[in-house]
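Reader: I would like a close look at one strand and what sits around it. Please keep it brisk.

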Amino acid sequence: MKSQDIVVLLKLVSLQEEEEKGSGALQWSFPSEAPYSVRGLESLLGISKTEINASIKRSVSTGLAIKDRDSGRPKPNRRNLHSFIVHGLKFVFPAKPGAMTRGIPTAFAAPMLKGQLVSGGEYIYVWPAAEGRDMGQSVQPLFKSVPEAVQRDERLYEYLALVDAIRLGNQREVGLAGDRLSERLLKK
């Protein structure tokens, strides 16, 4: 398993939610490519087609995703994904705060989580990004293209911020982020 597998799976969840919210068809800005295709995911995430394909194969083999019988599209196994993120991700892909830098807020500094807990420190966590407006301690995202990908997808941003809250947080913070993740991933 690689860290980008989580990014790919959460993007697939985001695409499913967008599809469910709309009329069943996604509004897609690249008419020649379907968003669920390897090429579509490459455009949306900035991860190479080869790596997307390998990621999906790894996720299917570990039970974090299944192939849909009708469409053949990969579908995240939301229950297994939630369980892995909440109970194992912190140990497999730990996050270490780094130097102060400009970037995009993550964890409890992200807009959708801001103010949920009183922080123990004076600095926020950010994914390093030249176009970022906020100053904070750098946290390496699960994949290098995450700062660009989350600017195009608010749902993906929320999911990855929750993941970072779990990777970085204390027991109380992890509990709150895990509850929020559960509300979103296991809502059915």
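Author: Start with M135, whose place is in strand β5, residues 134-138. Strands here are DSSP runs (E, at least two residues), and helices are runs of H or I of at least four residues, numbered from the N terminus. This is a predicted model, where local features need pLDDT of at least 70, side-chain atom pairs count only at pLDDT 80 or more, and totals for chains, interfaces and linings use all residues. Residues are numbered from 1 along each chain as its sequence is written, and side-chain values use heavy atoms, with hydrogens and water left out.

M135 is partly exposed, because its relative accessible area is 46%. The cut-offs are under 20% for buried, over 50% for exposed and in between for partly exposed, with a 1.4 Å probe and protein chains only.

M135 also belongs to a surface patch. Its nonpolar partners are M100 and Y123, and together the three have about 300 Å² of accessible area. Patch residues have over 30% relative accessible area and no salt bridge (a side-chain nitrogen of Lys or Arg within 4 Å of a carboxyl oxygen of Asp or Glu). Nonpolar side chains (Val, Leu, Ile, Met, Phe, Trp, Tyr) are joined within 5 Å, like charges within 9 Å. Areas come from the Shrake-Rupley method with a 1.4 Å probe; for residues, only the protein chains shown count as cover.

Now the pairing. Strand β3, residues 100-106, runs antiparallel to β5, with 4 bridges joining them. Two strands pair if DSSP finds at least two bridges between them. In this pair, R102 stands opposite M135. β3 is also joined by 4 bridges to strand β4, residues 125-128, again antiparallel. There, G103 has P128 as its bridge partner.
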